[in-house]
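Visitor: Hi, I have a structure to go through and not much background. Can we take it piece by piece?

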Amino acid sequence: MAERKVVLEGKELTKDFKGLRANENVSFKLFEGEILGLIGPNGAGKTTLVNMLSGTLSITSGDVIYNDRSIKGLKPYQIGRLGLIRTYQIVKPFPGMSVLENISVGAMFGSKDKVYSSKESKEKAEEIADFVGLSDLKNQRADQLNIAAKKRLEIAKALAARPNVVLFDEVMAGLNHKEIDSAVQAY
Ligand SMILES: Nc1ncnc2c1ncn2[C@@H]1O[C@H](COP(=O)(O)OP(=O)(O)O)[C@@H](O)[C@H]1O
Ligand SMILES: [Mg+2]
C-alpha cells in the first residue's frame, strides 16, 4: 500500500498567554484525504490551536509543517494563499457587503495557483452559494443574516478560496438541532 502523505503536522505546539498556558506540546498529523476532529470543553484551547496553525496567533514553541515546509511565522494571508484556510468561530463577514460579495472576496484572494478576475470570482461565488444553500440569500447584506446563515457564509468563504485543507472552528456551534440537520444534509 502506498504511504499516505502527511499534509499538515503540528509539532509540540505550545501557546502561552500572560500567566496561562492554553496549549502544551500539542502534536498531530493530518493525512491527505483525512477528516480529523478536535474535541474538548470550552476553554480547552481548540481555537488557540487553530489560531496558531493559521498564523493568527504567534507560536510560543513548536512548529507547523504544511506540505513539507514550516509555515511558522507566516502571516495569515500568506498561509491562506498556500491553501490552508480557516473559518472563525465568531463569524467574520464583511458586514456591509452582500453574501455573494463576501464569497467573491474568498474566491479573489484565495489560493495563489490561480488568480480570479472579478467576473470569475462572482461565478465561483454563485456556484458556492448554491452548494452551501445560500442562493436565496445571495443579495442580502451579511450583517442581516441569522447565525445559521452566517455560519454557512463562513464555510462558503473558505471553500471559495480553493483550499487544500480547511480548519473549521465550531461551524455548528450556536445552531439549533433543526439547523444542524439541515446544514449536515446540505454538505
Ligand atoms: N487572546 C487571548 N489572550 C488571553 N487568553 C486567551 C486568548 N485566547 C484564548 N485565551 C484563553 O486560552 C484558553 C483556551 O481558549 P480557546 O482556545 O478559545 O478554547 P476553546 O476554543 O477550546 O474553547 C482559555 O482559557 C482562554 O480564556
Ligand atoms: Mg473555540
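Guide: Yes, and one term is needed before the start: two strands count as paired if DSSP finds at least two bridges between them. Keep in mind that this is a predicted model.

Visitor: OK, strands then. How many bridges join β1 to β2?

Guide: There are 8 bridges between β1, residues 6-17, and β2, and the two strands run antiparallel. Leu 8 stands opposite Leu 30 in β2.

Visitor: And how many residues sit between β1 and β2 in the hairpin?

Guide: The hairpin has 2 residues between its strands. Gly 19 is in that turn, with a positive phi of about 75 degrees.

Visitor: Which residues other than glycine have a positive phi?

Guide: Asp 68 is one of them, with a phi of about 70 degrees. Arg 162 is another, at about 55 degrees. For background, most residues other than glycine have a negative phi.

Visitor: Where does Asp 68 lie?

Guide: Asp 68 is in the loop between β3 (61-66) and β4. Its relative accessible area is 65%, so Asp 68 counts as exposed.

Visitor: What about Arg 162, buried or exposed?

Guide: Arg 162 is buried, because its relative accessible area is 17% and the cut-off for buried is under 20%. Arg 162 lies in the loop between α5 (147-160) and β6 (165-167).

Visitor: Changing topic. Which protein atoms are donors to the magnesium ion?

Guide: The magnesium ion is ligand 2, and its protein donors are OG1 of Thr 47 and OE1 of Gln 89. They lie 2.0 to 2.1 Å from the ion.

Visitor: Where in the chain are Thr 47 and Gln 89?

Guide: Thr 47 belongs to helix α1, residues 46-53. Gln 89 is in the loop between β5 (84-86) and α3 (99-108). The two are 42 residues apart in sequence, so the pair ties together separate parts of the chain.

Visitor: How exposed are Thr 47 and Gln 89?

Guide: Thr 47 is partly exposed, at 26% relative accessibility. Gln 89 is also partly exposed, with a relative accessible area of 31%.

Visitor: Now ligand 1. Which residues are around it?

Guide: They are Phe 17, Leu 20, Ala 22, Pro 41, Asn 42, Gly 43, Ala 44, Gly 45, Lys 46, Thr 47 and Thr 48. Thr 47 is thus in this shell as well as being a donor to the magnesium ion.

Visitor: Which element gives the most to the shell around ligand 1?

Guide: Helix α1 does, with 3 residues. β2 (20-31) and α1 each supply at least two.

Visitor: How do the shell residues divide into nonpolar, polar and charged?

Guide: The division is 5 nonpolar, 5 polar and 1 charged.

Visitor: Which residues have polar atoms by an oxygen of ligand 1, and at what distance?

Guide: A polar backbone atom of Gly 43 is 2.7 Å from an oxygen atom of ligand 1. For a polar backbone atom of Gly 45 the distance is 2.9 Å. Thr 48 takes part through an N or O atom of its side chain, 2.6 Å from an oxygen atom of the ligand. The protein covers 60% of the 560 Å² of accessible area that ligand 1 has on its own.

Visitor: Last one. Where is Gly 73 found?

Guide: Gly 73 is in the loop between β4 (69-70) and α2 (76-81). Gly 73 is exposed, with a relative accessible area of 67%. Its C-alpha atom is separated by 33 Å from that of Ala 129, and the two residues are 56 residues apart along the chain.

Terms used
Residues are numbered from 1 along each chain as its sequence is written. Chains are lettered from A and ligands numbered from 1 in the order in which they are written. This is a predicted model: local features need pLDDT of at least 70, side-chain atom pairs count only at pLDDT 80 or more; totals for chains, interfaces and linings use all residues. Side-chain values use heavy atoms; hydrogens and water are left out. Donors are N, O and S atoms within 2.8 Å of the metal (3.2 Å for Na, K and Ca); water is not among the atoms, so sites may look incomplete. Helices (H or I, at least four residues) and strands (E, at least two) are DSSP runs, numbered from the N terminus. Buried means under 20% relative accessible area, exposed over 50%, partly exposed in between (1.4 Å probe, protein chains only). A residue is near a molecule or strand if one of its heavy atoms lies within 4 Å of it. A polar contact is a pair of N or O atoms within 3.5 Å; within protein, one must be able to donate a hydrogen and the other to accept it, and residues adjacent in sequence count only if both atoms are side-chain atoms. Accessible areas come from the Shrake-Rupley method with a 1.4 Å probe; for residues, only the protein chains shown count as cover. Ala, Val, Leu, Ile, Met, Phe, Trp, Tyr, Cys and Pro count as nonpolar, Asp, Glu, Lys and Arg as charged, and the others, Gly among them, as polar.
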